[in-house]
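Good morning, and thank you for making time for this presentation. Please keep the sequence and the model in view while I speak.

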Amino acid sequence: MEKDEGQKVSDGDPHLQPIRGHIEILPLCANPESPLTDLNTPFDGIVITSGTLLLLPTSRGCINLASADPPAVPLIDRNYYDTEADRVAVRHGMRLSMRAFETLDGQAIVDHEIVPPGYNSLTSASSDAEIDAHVKRKAATWFHPAGSAAMGKVVDTDLKVFGVERLRVVDASVLPCPIGAHYQVVTYAVAEQAAEIITRE
């Protein structure tokens with residue numbers, strides 16, 4: 001984080017607290033990444049995918065208008081994996097996952113790794129540069145984009161868009177920072193709170 005911010009980071013920084021979860025390792029008996037990797041593996045239970053999810057990213061993307069035409073598709077820069085803090089967390093998670101599959105128990109259930117064309121297999125001993133190259137080629141969101149209409153910047157505490165009358169935003173885009181968890185429950189909570197706010201008026 002100090003490398004990203006160019007200054008000393010306080011021990012009290014929320015990202016450094018022991019109760020914070022930065023990654024989730026999600027093993028699945030399927031290959032949900034098939035559309036991203038062109039592997040075309042079967043969904044018959046013989047393929048295991050181990051996804052490393054970054055729960056508290058520090059990289060920030062942006063959305064800009066492409067033109068004054070409302071239906072025009074906006075310009076989106078996701079800016080994934082931009083900070084050293086994110087790279088360290090993802091590398092750590094991937095190495096934990098690979099070490100699990102490198103154990104005797106892991107080798108008993110996994111015959112070999114299937115890699116997309118042009119990729120090399122990784123191991124827990126792979127270099128940071130090798131892991132970074134792998135991630136940059138195929139990383140994607142796991143359906144949890146948030147913060148593009150952040151509270152305090154785009155909407156107020158009643159979820160009303162600043163400078164626009166009769167318009168509220170009620171979804172995960174109002175979350176001002178990553179939550180370190182799955183977004184379904186917190187999005188329900190935002191919706192419940194919005195319903196309460198609206199019925200009060």
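The sulfur of Cys177 has its closest cysteine sulfur in Cys62, at 19 Å, and this is too far for a bond. The statement holds from the other side as well: for Cys62, the closest cysteine sulfur is the one in Cys177, again at 19 Å. A disulfide is a covalent bond between the sulfur atoms of two cysteines. The count of disulfides in this structure is accordingly 0. As for their surroundings, Cys177 has a relative accessible area of 46% and is therefore partly exposed. Cys62 is likewise classed as partly exposed, since its relative accessibility is 37%.

I should state at once that this is a predicted model. The protein chain has a mean pLDDT of 87, with 93% of its residues at 70 or more. Where is confidence lowest, and where is it highest? The lowest mean, 56, belongs to helix H2, residues 34-37. The highest, 96, belongs to helix H6, residues 184-200.

Let me turn to the overall architecture. The protein chain contains 6 helices and 4 strands. In sequence order, these elements follow the pattern α-β-α-β-β-β-α-α-α-α. Along the principal axes, the C-alpha atoms occupy a box of roughly 60 × 45 × 35 Å. Of the 201 residues in the chain, 27% are buried. If we consider contacts between residues at least 6 apart in sequence, 54% of them join residues at least 24 apart.

Next, the nonpolar interior. In soluble globular proteins, nonpolar side chains tend to be buried together. Which residues form the largest nonpolar core here? There are 11 in all: Ala149, Val155, Leu159, Val161, Val169, Ala172, Val174, Leu175, Tyr183, Val190 and Ala194. There is also a second, separate core of 7 residues, among them Tyr81, Val90, Met94 and Ile131.

Three members of the largest core deserve individual attention, beginning with Ala194. This residue lies in helix H6, and its relative accessibility of 3% is why it counts as buried. Beyond its neighbours within four places in sequence, Ala194 touches Leu159 and Val170. By contrast, the C-alpha atoms of Ala194 and His144, residues that are 50 apart along the chain, are separated by 20 Å.

Leu159, one of the residues that Ala194 touches, is located in the loop between H5 and H6. With a relative accessible area of 3%, Leu159 is buried. Its backbone also merits a remark: Leu159 is not a glycine, yet its phi is positive, at about 70°.

Tyr183 also has its place in the loop between H5 and H6. A relative accessible area of 9% makes Tyr183 a buried residue. Which residues does Tyr183 contact, leaving aside its neighbours within four places in sequence? They are His144, Ala146, Ala172, Leu175 and Pro178. Of these contacts, Ala172 and Leu175 also appear in the list for the largest nonpolar core. Between Tyr183 and Pro27, which are 156 residues apart along the chain, the C-alpha separation is 19 Å.

A positive phi is also found at Asn79, which is not a glycine either; there the value is about 55°. Asn79 sits in the loop that runs between strand S4 (75-77) and helix H3 (84-102). Is Asn79 buried or partly exposed? With 23% relative accessibility, Asn79 counts as partly exposed, because the cut-off for a buried residue is under 20%.

I come now to helix H5, residues 128-138, which contains His134. Its relative accessibility of 11% places His134 among the buried residues. Apart from its neighbours within four places in sequence, His134 is in contact with Met94, Tyr119, Asn120 and Leu122. Met94 has already been named as part of the second core.

Tyr119 is involved in a further arrangement. The charged end of Arg137 sits over the ring of Tyr119, at 4.1 Å from the centre of that ring. How many aromatic pairs does the structure hold? The number is 0.

To close, I return to the starting point: the structure holds 0 disulfides, and the sulfur of Cys177 is 19 Å from that of Cys62. Thank you; I would be glad to take your questions.

Conventions
Residues are numbered from 1 along each chain as its sequence is written. This is a predicted model: local features need pLDDT of at least 70, side-chain atom pairs count only at pLDDT 80 or more; totals for chains, interfaces and linings use all residues. Side-chain values use heavy atoms; hydrogens and water are left out. Rings of Phe, Tyr and Trp (its six-membered ring) pair if their centres lie within 6.5 Å; planes under 30 degrees apart count as stacked, over 60 as edge-to-face and the rest as tilted. A charge sits over a ring if NZ of Lys or CZ of Arg is within 6 Å of the ring centre and within 35 degrees of the ring normal. pLDDT is the predictor's confidence in each residue, from 0 to 100. Helices (H or I, at least four residues) and strands (E, at least two) are DSSP runs, numbered from the N terminus. A nonpolar core is a set of buried Ala, Val, Leu, Ile, Met, Phe, Trp, Tyr and Cys residues joined through side-chain atoms within 4.5 Å. Buried means under 20% relative accessible area, exposed over 50%, partly exposed in between (1.4 Å probe, protein chains only). A disulfide is a pair of cysteine sulfur atoms within 2.5 Å. Contact means heavy atoms within 4.5 Å.
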